[in-house]
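Here is a friendly walk through this protein chain, meant to be read with the structure open beside you. Let's start with a small detail of the backbone and work outwards from there.

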Amino acid sequence: MSKKKKKKKKKYRVFWFFAKLQIFLFLLVAGAVGWYYYGGYAQKVGTLQQEAKMLVQSSSEATFRSVQTSLVYDANGKLISTLKGEKDVYYLEYEDIPAYAVAAMISIEDKKFYRHNGIDIKAIMRAAKAMIENGEVTQGGSTITQQLSKLIFLTQERTWERKIEEMFIAVGLEKVYSKDKIMEFYLNNVYFGNGYYGIQAASKGYFSADVKDLSLSQIAFLCAIPNNPGLYDPVTNAENTIKRRDRILHQMLEDGKISQTTCEQAKAEVITLNRPEKTKNDYVETYTYYCAIRALMQQQGFQFQTEFSSEEKKEKYQKEYDALYEECQKSLYTQGYRIYTSIDLDMQQMLQESVDQNLAGFEEQNEEGIFTLQSSAVCIDNHTGRVKAIVGGRNQNLPGYTLNRAYQSFRQPGSSIKPLIVYTPALEGRYTPDTIVQDVKTEEGPSNSSGYYEGDITLRRAVEASKNTVAWNLLEEMTPKAGLAYLKEMKFSRLDRKDERPTSALGGFTHGVSAVEMASGYAAIAHDGKFREPTCIVKITNAKDETILETETEEVDVYKSNATRMMTDMLVSALQEGTGRGLALTSMPSAGKTGTTNDNKDGWFVGYTSYYTTSVWVGYDMPKELPGLSGASYPGSIWRMFMEQVHQGLEPVEFLPYIDETKAPLDDEEYLEGLQNELENLEDLGEPEEEIPPENIEEPQGDISPGQAVTLN
């Protein structure tokens, strides 16, 4: 074939390739247009455009200054706290905003801010591509104007409808307001974490200074926060904030906003927070906000999880959780909620004083001025299942909120976990308090704290003396997986697959438990085996006091009622004859269990009456040995002092008796049913009345010697 014919053939091949490509693209566009119109999307987009237009037209400068104060009340109607964004107090006009702040935000968030009309087409295309690849909105592609649209007019949900409306609003805002005004609105409304809305409020909150008086380094530090206020929280994640500050400074250098020398000097500057002192109910407030946020998340249909089939699913869940948590957290400061709680501030003060007084002799502090020996404690009302008081540490006059160990710290529970994971489950089977078990040291098994073994003993005696051998053998018999299933039903959040081992019988977990979880677990035993998820939120209303949500004390049957009554009876014995001897309340029937971990690093006491369940933990934030620490020492003393106070003036109520099925006629089911019905008629527990001051108490001796208990820390 000649070269001329080959060239001609190749020419036709190229022609037909482009012809087919054009036909394909035409069909693709035609299909997309048809899908857009006939699939109903055109109508939906048109509706979103009209909504956006109305929002922009109805806005004014006042729209970007408004804020509503939310109020939090205790169980008796006392005001606990106010949540206010304070935009009206700290609002800055554009000319009062430092030029560095504007430059920093543009360099890191929206380089084309002064050139686009509200949206950045290339950024949107990148976000659309990522959405198609991942099946969800994973990249923002948002300009500063779009972010402002979302902050003021929309929610944080990640849907295409919200994204489309956001773009329509952004374009509309650019037609009404100048670029400088939009930047002014943005820097006065964007969230800087820890309740601070706007750069002036953040400057006051983190540095106790006006933003005009801050250095370039401090301004860049603040501008690092809004991208992800949780990840870049200066209080809890300062290292992350510093890294993003340096990235902002580098971007400003590349954009020609600062010189190389200025950039290096700003990066070298040491950032020191100087937060103003604030009158607060520290631990009550942080727990209340946490519970309120989760209640709002649940109202929006969020499904909370603690178990995941893969790391990918866990990461995806955490990402969705953080996004919605942040959105609901912001609403607390802007929506004018009225939050009604079960917290009793009088009981709160009693619990705090009990912790402080019993640990007053330990004065060592760390570099930040925080006591090294700490405690957490939680009291739950057994009638409602709600939290009445919560202490996350010793009381100190420190700026801002501090770590709330009661729900944010997870520690090894030692022997205090035995009733939840071993004994009550065993009592659901063939065991009773009088069942004979063997207290014998085996090669694979643990040692008893005393180093003493009694051979054949009753199950009651095993609980009284906190026998490690018996608990270990019982969990092996039922399997650790079966024992852990009870904790999972009660939403213990840090369980791990590696916990499916006999050491869990003695509290040897991978991650540990919180004081809130321990209180709610024992409260389930006190409530005939019915678990109620702990919270302090009763209801939330809007500013007009119209109810938005009410929490329901949903009950889940975790243990059989007769098993819990047998467990209670044995825990009464533990306070009379066992490791908790001397901790029983003076005039109120009470039950409880001690717990001490290896080398005396963690001490627990969890106990209850018919009225209240209280858990107490004592230890160091960085686990280390405390000579003399045991469940019955400092934790037991804190528990007893508090419980004596809150029960003063209340009528004594006996625990409900259990049915001893071994003494009933084996062929007479009617006998057992009749006795059960009689017991059900005894369940009127009465209501709390007045309270009077506590008595002085002695500190009883601990139940576990150093180095004997088998636990993980």
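## Backbone turns worth a look

Thr-479 makes a good starting point in this predicted model: with a relative accessibility of 37%, this threonine counts as partly exposed. You will find Thr-479 in the loop that links α19 (468-478) to α20 (480-489). Its phi is positive, about 80°, although Thr-479 is not a glycine. As background, most residues other than glycine have a negative phi.

Asp-599 is another non-glycine residue with a positive phi, here about 60°. The loop that holds Asp-599 runs between β12 (591-596) and β13 (602-608). Asp-599 is partly exposed, and its relative accessible area is 29%.

## A covered helix

What does the surface of helix α9 look like, mostly covered or mostly open? Helix α9 spans residues 199-207, and eight of these nine residues are buried, so "mostly covered" is the right description. The buried set includes Ile-199, Ala-201, Ala-202, Tyr-206 and Phe-207. Gln-200, Ser-203 and Gly-205 are also buried. Just after α9 comes Ser-208, which has a positive phi near 55°.

## The nonpolar cores

Which residues have the most contacts inside the largest nonpolar core? They are Leu-332, Leu-420, Tyr-423 and Leu-487, in a core of 88 residues. Helix α13 (residues 282-299) supplies the largest share of this core, with nine residues.

To see the packing around one of these residues, pick Leu-487. Leaving aside neighbours within four places in sequence, Leu-487 touches Ile-417, Leu-420 and Ile-421, and also Phe-492, Leu-495 and Phe-509. Another core lies apart from the largest one and has 53 residues, among them Ile-225, Met-252, Leu-253 and Ala-266.

## A five-stranded sheet

Now for the strands. Five of them form an open sheet with mixed pairing, in the order β2-β1-β3-β9-β10. The edges are taken by β2 (79-83) and β10 (547-550); each has a single partner strand, so one side of each has no neighbour in the sheet. On average, and with direction ignored, neighbouring strands of this sheet are turned by 15° against each other.

Strand β1 (residues 70-73) pairs with β2 in the antiparallel sense, over four bridges. If you want to find this pairing on screen, look for Leu-71, whose bridge partner in β2 is Thr-82.

## Cysteines

How many disulfides are there in this model? The count comes to zero. Take Cys-536: the closest cysteine sulfur belongs to Cys-291 and lies 4.1 Å away, which is too far for a bond, since a disulfide needs the two sulfur atoms within 2.5 Å. Cys-536 is buried, with a relative accessible area of 0%. Cys-223 is buried as well, and its relative accessible area is also 0%.

## How far to trust the coordinates

The mean pLDDT of the protein chain is 86, and 82% of its residues reach 70 or more. Residues 32-38 have a pLDDT below 50, and beyond near neighbours in sequence this stretch has seven contacts in the model. Residues 682-713 also have a pLDDT below 50; that stretch has 96 contacts beyond near neighbours in sequence. Where pLDDT is low, the predicted coordinates should not be read in detail.

Note on methods
Residues numbered from 1 in each chain as written. Predicted model: local features only at pLDDT ≥ 70, side-chain atom pairs only at ≥ 80, totals over all residues. Heavy atoms only, no water. Pairing = 2+ DSSP bridges. Helix = DSSP H or I, 4+ residues; strand = E, 2+ residues; numbered from the N terminus. Axes fitted to C-alpha atoms, helices over the stretch in contact; angles between N-to-C directions. pLDDT = per-residue confidence, 0-100. Contact = heavy atoms within 4.5 Å. Core = buried A, V, L, I, M, F, W, Y, C linked by side-chain atoms within 4.5 Å. Buried < 20%, exposed > 50% of the residue type's maximum accessible area, 1.4 Å probe, protein only.
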